[in-house]
Amino acid sequence: IPVDGQSINDNENGIYKGAYVIDVTYEGLTVAYNMWFDVDFTNQESPAFMMIYEAPQFLKALLPMLDKQYYYLDMSDAAAQSGMDLSSANIFDASGILDALESIDPAGMTVEKEEEAYLVTVANDAVAALLQQYLSVAVLSAPALSGSDAEAAVAEVLEGLDLLSALDLLGGKDVSAAMSVDGDGYLSDFRTALEFTVDTDAISTAVSGEPSDGEGAFTLGIDINVQYTDYNAVDGIEIPALTEENSEDLMQTIAHAAGIPEIAVFVNGSRIAFDVPPQSVNDRTMVPMRAIFEALGAEVSYDDGLVTALAADGRVITHTIGEAVVYIDGNALEMDVASFETGGRTLVPVRFVAQALGAEVDWIEEAQTVIITQ
């Protein structure tokens with residue numbers, strides 16, 4: 001799987017842009033995948049963290065559902081929903097991780113240096129312990145993960161490592177990696193080769209306590225050879241312009257393919273047509289703010305992150321995007337989930353908004369439908 005790409009890193013200002021071409025060859029057929037990263041934290045009120053994929057014609061021919069040119073993952077949306085703090089300092093400042101790495105016990109690791117080349121070797125019986133230390137110490141020290149559920153996720157991974165460490169997937173072999181730096185001190189290459197022996201019966205027994213239905217083992221070999229060139233030579237990277245006509249949220253595409261029903265919202269018997277689909281966050285249905293306010297007869301205006309809605313009965317509702325507090329005629333009320341931006345729209349809990357405007361709300365679980373009566 002050769003990958004050819006270029007990137008721009010501006011850690012001081014919190015900017016990273018990358019363009020990559022990934023060629024995947026399987027049984028003589030090569031398919032090129034284009035991929036872009038667009039990260040820009042210069043505006044802390046609205047940080048951008050987008051991953052964009054271009055659907056190759058080969059896949060579009062196989063999967064008719066892929067009727068768009070581009071599919072994207074808006075990581076800033078995911079961060080807002082999980083409580084991850086996206087900022088230049090949190091994402092690009094690695095000092096905390098480096099400090100944490102200093103506390104890791106390097107037992108079982110050796111480093112040999114010859115001129116500008118380095119060979120790092122980790123003994124077979126130390127691989128699991130070092131990986132566990134890295135996950136539990138270094139990863140959780142990343143500032144961006146504060147306030148998120150990363151700790152629980154790492155705990156699950158560590159539990160899995162405990163089960164798999166006894167299987168010795170590396171077949172008793174050590175893990176080695178070689179790297180070199182150029183005359184200016186830049187990393188110029190990185191090379192490693194890994195070989196895993198996977199016994200499906202042994203893995204099933206370790207995980208579930210029961211042998212698998214099938215039998216047999218296979219060997220998976222991974223050779224990684226990375227070359228870094230042309231430092232300070234890239235002035236700009238062109239990121240595709242996304243529109244409603246040429247792109248779609250990748251998670252929405254996956255949900256459609258899996259047959260997951262889209263949440264429907266009805267007001268007085270009429271379904272609201274949202275340009276950004278409703279989402280379920282922490283058991284709360286989130287919908288575009290302007291659309292739900294206007295469907296309930298309110299007039300909405302925006303002013304630099306402050307939303308003001310004038311209800312039909314004269315009440316004034318104000319809200320700052322990204323917060324969980326809403327003011328109704330000056331009285332503060334707290335929502336269960338803070339509002340967040342996605343696809344150019346601000347999403348809010350539909351039940352809270354509707355009830356704040358005096359409407360009744362019912363949820364039909366089987367149909368994934370919200371019924372609002374005003």
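1. A good place to start is Arg345, which is partly exposed, with a relative accessible area of 35%. Please keep in mind as you read that this is a predicted model. Arg345 forms a salt bridge with Asp275, and the closest N and O atoms of the two are 2.6 Å apart. This pair links distant parts of the chain: Arg345 belongs to strand S22 (residues 345–349), while Asp275 sits in the loop between strand S13 (270–271) and strand S14 (279–281), 70 residues apart. Asp275 is partly exposed too, at 41% relative accessibility.

2. How many salt bridges does a search of the whole structure find? The search finds seven. As general background, side chains of opposite charge can pair when their charged atoms come close. Two further examples follow.

3. The side chains of Arg284 and Asp336 meet in a salt bridge, at 2.8 Å from N to O. Here again the pair links distant parts of the chain, with Arg284 in strand S15 (residues 284–288) and Asp336 in the loop between strand S20 (331–334) and strand S21 (340–342), 52 residues apart. The two partners fall into separate exposure classes: Arg284 is partly exposed at 34% relative accessibility, whereas Asp336 is exposed at 59%. If you are colouring the model by accessibility, Asp336 counts as exposed because its value lies over the 50% cut-off.

4. Another salt bridge brings together the side chains of Arg315 and Asp313, at 2.9 Å from N to O. Is Arg315 buried or partly exposed? Arg315 is partly exposed, with a relative accessible area of 23%; a residue has to be under 20% to count as buried. Its partner Asp313 is exposed, with a relative accessible area of 52%.

5. Now for the interior. By the rule used here, the count comes to one cavity of 30 Å³ or more, and the largest cavity holds about 60 Å³ of space. Which elements give two or more residues to its lining? They are helix H9 (289–295), strand S18 (316–320), strand S19 (325–328) and helix H10 (350–356). Of the elements, H10 gives the most to this lining, with three residues.

6. If you would like to find the largest cavity in the viewer, select the residues that line it: Met289, Phe293, Ile317, His319, Val326, Ile328, Met335, Phe352, Val353 and Ala356. Sorted by class, the lining has nine nonpolar residues, one polar residue and no charged residues.

7. On the outside, a nonpolar surface patch of about 440 Å² is worth a look; Leu29, Phe58, Leu62, Leu63 and Met65 make it up. Leu29, one of these residues, is found in strand S3 (residues 29–40). Leu29 is partly exposed, with a relative accessible area of 42%, so it passes the requirement of over 30% for residues in a patch.

8. Two asparagines deserve a check of their backbone angles. Asn268 has a positive phi of about 50° although it is not a glycine. Asn268 lies in the loop between strand S12 (264–267) and S13, and is partly exposed, with a relative accessible area of 45%. Asn282 likewise has a positive phi of about 50° without being a glycine. You will find Asn282 in the loop between S14 and S15, where it is exposed, with a relative accessible area of 58%.

9. A third asparagine, Asn43, is placed in the loop between S3 and strand S4 (48–54). Asn43 is partly exposed, with a relative accessible area of 41%. How far apart are the C-alpha atoms of Asn43 and Asn13? They are separated by 9.8 Å, and the two residues are 30 residues apart along the chain.

10. Last comes Ala178, in strand S8 (residues 175–181). Is Ala178 buried or exposed? Ala178 is buried: its relative accessibility is 15%, and the class takes in residues under 20%. The C-alpha atoms of Ala178 and Ala193 are separated by 9.8 Å, with the two residues 15 residues apart along the chain.

Note on methods:
Residues numbered from 1 in each chain as written. Predicted model: local features only at pLDDT ≥ 70, side-chain atom pairs only at ≥ 80, totals over all residues. Heavy atoms only, no water. Patch = residues over 30% accessible without salt bridge, like charges linked within 9 Å, V, L, I, M, F, W, Y side chains within 5 Å. Areas by Shrake-Rupley, 256 points an atom, 1.4 Å probe, with all protein chains shown as cover. Salt bridge = Lys/Arg side-chain N within 4 Å of Asp/Glu carboxyl O. Helix = DSSP H or I, 4+ residues; strand = E, 2+ residues; numbered from the N terminus. Buried < 20%, exposed > 50% of the residue type's maximum accessible area, 1.4 Å probe, protein only. 1 Å grid on protein atoms, 1.4 Å probe; cavity = no way out; pocket = protein on both sides within 12 Å on 5 of 7 lines; lining within 4 Å. Points joined across faces, edges and corners; volume = space filled by probe spheres on them. Nonpolar A, V, L, I, M, F, W, Y, C, P; charged D, E, K, R; others polar.
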